[in-house]
Amino acid sequence: SMPIGCLAVKKRLVSGDGSAPSDLELQQINGFIREQIEQIPMIAGLSAGSLQPAPAFFVMGGTVKAIVRLFERMGWPVTSPDCPGSVTLQAEDLQKGLDFFRSSEGRQLVERYEAGRRETLVTGIQILLSICRRVGAGQMTVLQSGVREGYVLRHC
C-alpha cells in the first residue's frame, strides 16, 4: 500500500479543475510519484536499468474502478483474469486513456458518466502509469473491492 491519493496529488500539482493537466503537470506528477515510491525499500531495491516484468501488480480504489467503467463503456480492452472479482488493464491502454481523457471529447465522456471523478481521473491514470513504469509492470489487476469492504486474502 502506498500513501498516494489522486485528490491529494491533484491539489498539490494540478491547476484548475484537474480534468486536463498540462504536459508539465503530468511530468511533475510522475516525478513526485517516483520520489514517493522510491521510499519503499522493495521498490528502491529495483534496478531501473534491468527491470524484470513485475509478477503481479494489484490496484484498488474509486478512481481506478471509474477508469475500468469508462474503458468498458468505450469498448476498450478490459480482461477478466482467473481471479474472481477483478479485471486486468494493460499499461499501454492507460497511456491511450491518458491522452483521450485530456481531450475535449474525453472530458465530456467523463463529465457524462463519471462526473465525480472529473478532477482526479487523469491524475489517477498518470499515477498508475508512473508506478507501472517504475516497477516494470505491463499490466495491472484491478480489484473490485477496496478498503471499505475490508481486506480479504484470496488465492486465485
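The largest cavity has a volume of about 30 Å³, a volume being the space filled by probe spheres set on grid points that are joined across faces, edges and corners. The model is predicted: local features need pLDDT of at least 70, side-chain atom pairs count only at pLDDT 80 or more, and totals for chains, interfaces and linings use all residues. Residues are numbered from 1 along each chain as its sequence is written, and side-chain values use heavy atoms, with hydrogens and water left out.

**Exercise 1. Determine how many cavities of 30 Å³ or more the model holds, and describe the lining of the largest cavity.**

Solution.

Step 1. Rolling a probe the size of a water molecule over the atoms shows where empty space is left. On a 1 Å grid over the protein atoms alone, a cavity is a set of points where a 1.4 Å probe fits but cannot get out. The count by this rule is one cavity of 30 Å³ or more.

Step 2. Lining residues have an atom within 4 Å of a point. For the largest cavity they are Ser19, Phe101, Arg107, Val110, Arg118, Leu121 and Val122. Two elements give two or more residues to this lining, namely helix H6 (104–113) and helix H7 (121–135); helices are DSSP runs of H or I with at least four residues, strands are runs of E with at least two, and both are numbered from the N terminus.

Step 3. Sorted by class, the lining has four nonpolar, one polar and two charged residues. The classes are nonpolar (Ala, Val, Leu, Ile, Met, Phe, Trp, Tyr, Cys and Pro), charged (Asp, Glu, Lys and Arg) and polar (the others, Gly among them).

**Exercise 2. State the order of the elements in the chain and what share of its residues is buried.**

Solution.

Step 1. The chain has seven helices and three strands. Read from the N terminus, they follow the order α-α-α-β-α-β-α-α-α-β.

Step 2. Of the 156 residues in the chain, 40% are buried; buried means under 20% relative accessible area, exposed over 50%, and partly exposed in between (1.4 Å probe, protein chains only).

Step 3. The chain exposes about 8900 Å², of which carbon and sulfur atoms supply 50%. Such areas come from the Shrake-Rupley method with a 1.4 Å probe, and for residues only the protein chains shown count as cover.

**Exercise 3. Find which residues Val59 and Lys65 contact beyond their neighbours within four places in sequence.**

Solution.

Step 1. Contact means heavy atoms within 4.5 Å. Val59 lies in strand E1 (residues 58–59) and is buried because its relative accessibility is 10%. With neighbours within four places set aside, Val59 is in contact with Val64, Leu128, Met140, Thr141, Val142 and Leu143.

Step 2. Val59 and Leu143 are 84 residues apart along the chain, while their C-alpha atoms are separated by 6.2 Å.

Step 3. Lys65 belongs to helix H4 (residues 62–74). A relative accessible area of 17% is why Lys65 counts as buried. Under the same exclusion of neighbours within four places, Lys65 is in contact with Val142, Leu143 and Gln144.

Step 4. For the chain as a whole, 75% of contacts between residues at least 6 apart in sequence join residues at least 24 apart.

**Exercise 4. Assign Met74, Arg117 and Gln36 to an exposure class, and place each in the chain.**

Solution.

Step 1. Met74 is also found in helix H4, and its relative accessibility of 24% makes Met74 partly exposed. Neighbours within four places aside, Met74 is in contact with Phe100, Phe101 and Leu109. From Met74 to Leu109 the sequence separation is 35 residues and the C-alpha to C-alpha distance 9.4 Å.

Step 2. Arg117 sits in the loop between H6 and H7. Arg117 is partly exposed because its relative accessible area is 29%. Not counting residues up to four places away in sequence, Arg117 touches Gly62, Thr63, Ala66 and Val110.

Step 3. Gln36 is part of helix H2 (residues 23–37) and, at 22% relative accessibility, is partly exposed. Gln36 and Ile4 are 32 residues apart in sequence and 7.9 Å apart in space, C-alpha to C-alpha.

**Exercise 5. Count the disulfides and classify Cys6 and Cys132 by exposure.**

Solution.

Step 1. A disulfide is a pair of cysteine sulfur atoms within 2.5 Å; by this rule the count is zero.

Step 2. Cys6 is buried at a relative accessible area of 19%. Cys132 is buried at 2% relative accessibility.

Methods
1 Å grid on protein atoms, 1.4 Å probe; cavity = no way out; pocket = protein on both sides within 12 Å on 5 of 7 lines; lining within 4 Å.
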